[in-house]
Number of protein chains: 2
Amino acid sequence: MTYDTTAPGSAPDPYAVPAPLDLRADVVDLTAAVCDVASVSGDEARLADAVEAALRGYEHLEVLRDGDSVVARTNLGLPRRVVVAGHLDTVPIADRPDQPGTPNVPTWRTVEGDDEVLWGRGTVDMKGGVAVALALAARVGGDLTATADVTWVFYDNEEVAAHLNGLGRLVRGHPGWLAGDFAILGEPTAAGIEGGCNGTLRVEVRVPGVTAHSARSWMGRNAIHDTTPVLARLAAYEPRSVDVDGLVYREGLNAVGIRGGIAGNVIPDECVVTVNYRFAPDLTLAQAEAHVREVFDGYEVTVTDAAGGARPGLTHSLAAEFVEAVLGRAGGAPTAKLGWTDVARFAELGVPAVNFGPGDPLLAHKDDERCPVSQIRTCYDALLSWLTKDTSAS
Amino acid sequence: MTYDTTAPGSAPDPYAVPAPLDLRADVVDLTAAVCDVASVSGDEARLADAVEAALRGYEHLEVLRDGDSVVARTNLGLPRRVVVAGHLDTVPIADRPDQPGTPNVPTWRTVEGDDEVLWGRGTVDMKGGVAVALALAARVGGDLTATADVTWVFYDNEEVAAHLNGLGRLVRGHPGWLAGDFAILGEPTAAGIEGGCNGTLRVEVRVPGVTAHSARSWMGRNAIHDTTPVLARLAAYEPRSVDVDGLVYREGLNAVGIRGGIAGNVIPDECVVTVNYRFAPDLTLAQAEAHVREVFDGYEVTVTDAAGGARPGLTHSLAAEFVEAVLGRAGGAPTAKLGWTDVARFAELGVPAVNFGPGDPLLAHKDDERCPVSQIRTCYDALLSWLTKDTSAS
């Protein structure tokens, strides 16, 4: 990297100990400040320390820490508790699209029409959502009257292997820290509400055969030929579209891999089709598995990977108020989240959850990751109006 | 290897310069002597030198050499010429099945009923055939009157990649050395005649798709699902059995490999089926390719590997006499050779060819490779009766 941290007037060094985060600053400036602290998965300590230190400055918050995850919560004795969560880590830093050789951290800004755009790694996925949560944490239950107790969760290692996921670690180690009636994950949704998520199940369908030299193929049984009905069932399968709590979840049953064959002159004794079932959250994992086994009745089916879905829970009164608050600010009806996300970890704990955050999800992980600052303000305003009694105070 | 070459009375060292080969010795003893010189593919020089030296001892033979291939021929001006060929190399030496830790070279013998059995690497594939040829070379056109001129070919590197094959090298570099009216390859056939060989064609059938995240599978097109008709055509295919020159060749059209898939959450954009067509020698390579393209009409078909078949040529008068001579000694009607063999290299030169040699081909390359010595004598006697005018002299 050619970025020169010693030049006078240069932007901050993303790998240095950062200046204290000012949670009362403008939420867009706070987003930039959070982005400007490099925190690629596994290297979140610098940012987690800054977040923890900033939150400890507010007496209305109880601050907890586990590894590089930080949890802050109000304890106002209110009848309802909301959990707002976001991950601190990003995918690796890339080059700026406009300046090859210069990293896309720290952030920079451009103007597009009436809006300003914040560029750089993390501006979409998902330091905008983190900054919104930090700015709200400083005020909700502090100088602004809260409508619910709130637990703010900032976690590590979302962008890497699932077993490293900080939220998963909290679910296992400190489930009480995540207790609540409704959860919001600040993942990018372009400031729309995406509710729940589909589940995902991966299985291997194994078709047996008997090897033989291909010059005497009739001595064997060709496992690849015998896979024809398996593929035919997949090709003919009509996936469901299911209404769950008012959102429509579209399913899919797809071969994502196929392998068979030993050598160019051998009749194969095995063909394995890897199938991914994306199932609506009206099914449990066990029901999803039973369905797949029924589809491939007569074949050996082995589950290799499974994660349940999450209902959107928008029928809960707290959620309905949230939807109303967001619609009032951002417009747009809630939609179903189709990909599996960490909201399912809340579903495991019985907490309905939605995704709601600034940034176009299609720009996540891209070199030209960037976010219109208006979306950051919209998310902040919508949550503030919902979580506090006097929105004029914002 | 624990074999002790220094022990008094021990068997010869397979890696030492061997004693001169006595081509007038008993043909079974000669087989053992040839087997006892290690000649794993690429290490044939020791045996090729011994073979060349032995053949040069006979004035009726012209001896030629190319690399580790040795060719000896009579030049009697007879109207017909027979080529008898065999490879000098073997697959790697293994442990004796009865003595783990002891290599299966040098050979050893056991008795089974009335027959003796010669054990060890090369006894089947194919030093029995080589020894038969060497023993005959010493006499046919020498002390015994020949019925045809004979070219004896001993070549290297048959058991490894096709481009290294010594016979192929002679076809390319010295096609005149292989000229003849009929050829016999001494590969193991349990002393039966296996005529010609099927051809083999390998193609890749490619099915395209469009990638998408498997959570939004309807945005893509699943190449694996779209491979269903390709497998269905293979499963429904009815291979021919074709009579060529009086022998029946059974064909086969088989998937020998299938691959598709990028990741467990991606709709695959390509699925490739590798298909092997084993075709009867009534088809040329071009005809075989056209047939496969017709079967997979509508799909992209790429030829990756091809080798033409070989007609048995048993309608030739020389061949008919050979069959009669063999039937007189060994019994059993000629059968079609189904696997591709080096006889096809003779077919390239327009020389009809058959396989005929001692040893059960199913024991080739096995650790318990072994040959009933009666088969070695049968092959020797049959060829002698055919190639010489006075069989009583044998």
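1. In this predicted model, strand β9 of chain B, covering residues 182-185, runs parallel to strand β20 of chain B, residues 353-355, and three bridges join the two. Within this pairing, L185(B) lies opposite N355(B) of β20(B). On the sheet packs helix α9 of chain B, residues 373-387, which touches β3 (81-87), β8 (149-155) and β9 of chain B, and whose direction makes about 165° with that of β9(B).

2. The sheet to which these strands of chain B belong is open and has eight strands, following one another in the order β1-β2-β8-β3-β9-β20-β10-β19, with mixed pairing. At its edges stand β1 (62-66) and β19 (335-336) of chain B, and because each has a single partner strand, one side of each is left without a neighbour in the sheet. As general background, strands of a sheet pair through backbone hydrogen bonds, in either the parallel or the antiparallel sense.

3. At the β1 edge of chain B, β1(B) pairs with strand β2 of chain B, residues 69-73, in the antiparallel sense and over five bridges. E62(B) stands opposite R73(B) in β2(B). The two strands β1(B) and β2(B) form a hairpin with two residues between them, and G67(B), which sits in the turn, has a positive phi of about 60°.

4. Chain A also has an open sheet of eight strands with mixed pairing, for which the order reads β1-β2-β8-β3-β9-β18-β10-β17. Its edge strands are β1 (62-66) and β17 (335-336) of chain A, each of which pairs on one side only. A reader who moves between the chains should keep the strand labels apart, since the edge strand at residues 335-336 is called β17 in chain A and β19 in chain B.

5. In chain A, β1(A) and strand β2 of chain A, residues 69-73, run antiparallel and are joined by five bridges, and the bridge partner of D66(A) in β2(A) is S69(A). Helix α2 of chain A, residues 45-55, lies across β1, β2 and β8 (149-155) of chain A and runs at about 160° to β1(A).

6. How are the two chains related to one another? A turn of 179° with a shift of 0.2 Å along the axis lays chain A on chain B with an RMSD of 0.1 Å, and the two copies are thus related as by a two-fold rotation axis. The same surface serves both copies, in that 100% of the contact residues of chain A recur in chain B. Of the residues of chain A, R259(A) comes closest to the rotation axis, its C-alpha lying at 2.4 Å.

7. The contact draws 40 residues from chain A and 40 residues from chain B. About 3,000 Å² is buried between chain A and chain B, and carbon and sulfur atoms give 60% of that area. In chain A, the residues that lose the most area to chain B are W218(A), H225(A) and I258(A), which together account for 20% of what that side buries.

8. As to polar features of the interface, the count between chain A and chain B is 18 residue pairs in polar contact, both residues being at pLDDT 80 or more, whereas the count of salt bridges is zero. On the side of chain A that touches chain B, α5 (228-236), β14 (252-260) and β15 (270-279) of chain A each supply at least two residues. The largest share of that side, nine residues, comes from β14(A).

Technical notes
Residues numbered from 1 in each chain as written. Chains lettered and ligands numbered in written order. Predicted model: local features only at pLDDT ≥ 70, side-chain atom pairs only at ≥ 80, totals over all residues. Heavy atoms only, no water. Least-squares fit on C-alpha atoms with pLDDT ≥ 70 in both. Contact = heavy atoms within 4.5 Å. Pairing = 2+ DSSP bridges. Helix = DSSP H or I, 4+ residues; strand = E, 2+ residues; numbered from the N terminus. Axes fitted to C-alpha atoms, helices over the stretch in contact; angles between N-to-C directions. Buried area = accessible area lost by both parts, 1.4 Å probe. Salt bridge = Lys/Arg side-chain N within 4 Å of Asp/Glu carboxyl O. Polar contact = N/O pair within 3.5 Å; in protein donor to acceptor, adjacent residues only side chain to side chain.
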